[in-house]
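Here are my notes from a pass through the coordinates, in no strict order. Have a look at the model first, then read on.

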Amino acid sequence: MSTTVTKTLQATFAPPTAHKQAKLNDLLETYRDSLQEAFDSGASTMSSVSDIVTPYNLPYQAKAALCNYVPKLRKTYNAQELDDEHPIRLTNQAAKFDHSEERDYEFTWWVPRPGRGTNFWIPLRINPEQEDLWHDLVSEDAKAGEIRLQQHRKNWVLHVTVEYPVEELTMDGDAAHIGLDIGETALITGCALKDGSPTDPFVCSGSRAKHLRKEMHTTLKRLQERDASEWRIEDRFSHYQNALTDIVEKASREAVEYAKQFENPVLVMEDLTYIRERLDYGKHMNRRLHSWAFARLQGRIEDKATEAGIPVEYVNPAYTSQTCHSCHRIGRRDSQAEFRCPNDDCHVSMFQADINASANIARRIDPWGESVPLDKAERDDSLRDGSGCDTATTSSETASPSRGHERRSASLERHREKSVPAQMTLTAFRESKPSASDD
Ligand SMILES: [Zn+2]
């Protein structure tokens, strides 16, 4: 069984020659003129838009896209006026790409123009992470959807939606559950459970990300204090964002590679919505939530796992860092690095805290393996920060395996809606106090 996934590929143009630049500007202006006229006319059907845009000197792929798009502007998006920055939209008939290893920029796009023999090739700078999908697009293993071309300062940015098949995800009885704990000191700690024991843990250091984040805050703050020009601030900001994006891409790739070495892997991560909705987790967890990496990393891990056919599940994160993975008693996380088990009969006395947490996350996917201690008094004693307030909910949720499964599916959807935000924006940075996302 296979299912389809849609994704947007992004590329920027290699700097075009002056001649090509003029043609692109012309295309953009003509497109925006026709869009404006069609919108102002109030045309609300494909044929009435077609009457207006037909005389324009535009490629047919742009006219067809306008016929689709303009009626939606008022009906679906309830637009009152047009944004000046509208990208050129083209139907997938404009999805003609070529690849050759001989070229500096291996991928090129056949830019559609009105009239015969006027199209031209433009070299693309692709995101290396998406290279496989570009190959699939050229070989037509992936199906192109709408294309958007946007001018961004001096750059031209191309977006191509692609659809491609992936294996249907199935939950297997013999699955290897791999818990991923996301944090700051270690960006990702992965741990597979074999017969309940942590096996071959994987750690991806967070020191470079932490360093970059601090440097970014210092630099931007200094530039703002000095009243540096807008473009200078934006330039620095995107420099840091790109560097952080590279780290997220690399870390998520490594986590999925780690999972692939096991048979029938299932990745298990913490469902953030639980924390946001109900529980106060105290300083440690709050810091993790503020961390820029958390949601983006989860989102990218999920994307890459889905592409690799590895199922991803989300579990209630309550006490994952305070529970002993072996005897399941609540213990203490004395320092960032160490977990202490209070149970004298348990073979675990002290354990690397992140590995203990990821083992707990992995264990939690199996409802029968879950055993948050039922002795409420004991738990309340050991949690000094008030986070034990929601004990009834926690234990009832783990009582029934079938309910547990439904709950996970529902929470997965919520997770998708809420916690896969786009890259941090400069506005968001300005609105946040540097101390909120820093240490
Ligand atoms: Zn223990």
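1. Let's start with a quick one: is Tyr 258 buried or exposed? Tyr 258 comes out as buried, with a relative accessibility of 6%. Keep in mind throughout that this is a predicted model. The ring of Tyr 258 pairs with that of Phe 262 in an edge-to-face arrangement, with 5.3 Å between the centres and 75 degrees between the planes. Phe 262 is buried too, at 8% relative accessible area.

2. On to the other aromatics. The structure has seven aromatic pairs. For Phe 13 and Trp 156, the ring centres sit 6.4 Å apart and the planes meet at 20 degrees, so this pair counts as stacked. The cut-off for stacking is planes under 30 degrees apart. In sequence the two partners are 143 residues apart: Phe 13 belongs to strand β1 (residues 2-13) and Trp 156 to strand β7 (residues 155-167). Phe 13 is buried at 2% relative accessibility, and Trp 156 is buried at 1%. Add Trp 109 and you have one aromatic cluster made of Phe 13, Trp 109 and Trp 156.

3. Now the charges. Across the whole structure, a search turns up 13 salt bridges. One of them joins Glu 129 to Lys 304, with 3.7 Å between the closest N and O atoms. Glu 129 sits in the loop between β5 (120-126) and α4 (131-138), whereas Lys 304 is in helix α9, so the bridge ties together parts 175 residues apart in sequence. The surroundings of the partners are worth noting: Glu 129 is partly exposed at 28% relative accessibility, but Lys 304 is buried at 11%.

4. Helix α9 also hosts a local bridge. Arg 300 and Asp 303 are both in that helix, three residues apart, or about one turn, and their side chains meet at 2.7 Å, N to O. Both ends are partly exposed, Arg 300 at 22% relative accessibility and Asp 303 at 29%. Through shared partners, salt bridges join Glu 129, Glu 249, Arg 253, Arg 300, Asp 303 and Lys 304 into one network.

5. If you're checking cut-offs, look at Glu 146 and Arg 148. Their salt bridge is listed at 4.0 Å, N to O, and the criterion is within 4 Å. Glu 146 is partly exposed with a relative accessible area of 30%, and Arg 148 is partly exposed at 24%.

6. Some negative charge gathers on the surface as well. The patch consists of Asp 26, Glu 29, Asp 33, Glu 37 and Asp 40. Asp 40 lies in helix α1 (residues 18-40) and is exposed, with 53% relative accessible area.

7. Two backbone angles are worth a look. Asp 200 has a positive phi, near 40 degrees, despite not being glycine. Asp 200 is part of strand β10 (residues 197-205) and is partly exposed at 46% relative accessible area. His 328, also a residue other than glycine, has phi near 70 degrees. His 328 lies in the loop between β12 and β13 (338-340) and counts as buried at 18% relative accessibility.

8. Last, a contact across the sequence. Ala 308 is in the loop between α9 (293-307) and β12 (312-315), and is partly exposed at 36% relative accessibility. From Ala 308 to Val 256 the C-alpha to C-alpha distance is 8.1 Å, with their positions 52 residues apart in sequence.

How values were computed:
Residues are numbered from 1 along each chain as its sequence is written. This is a predicted model: local features need pLDDT of at least 70, side-chain atom pairs count only at pLDDT 80 or more; totals for chains, interfaces and linings use all residues. Side-chain values use heavy atoms; hydrogens and water are left out. Patches are made of residues with over 30% relative accessible area and no salt bridge: like charges are joined within 9 Å, nonpolar side chains (Val, Leu, Ile, Met, Phe, Trp, Tyr) within 5 Å. Accessible areas come from the Shrake-Rupley method with a 1.4 Å probe; for residues, only the protein chains shown count as cover. Lys and Arg count as positive and Asp and Glu as negative; His and the chain ends are not counted. The place of a charge is taken as NZ of Lys, CZ of Arg, CG of Asp or CD of Glu. Helices (H or I, at least four residues) and strands (E, at least two) are DSSP runs, numbered from the N terminus. Buried means under 20% relative accessible area, exposed over 50%, partly exposed in between (1.4 Å probe, protein chains only). Rings of Phe, Tyr and Trp (its six-membered ring) pair if their centres lie within 6.5 Å; planes under 30 degrees apart count as stacked, over 60 as edge-to-face and the rest as tilted.
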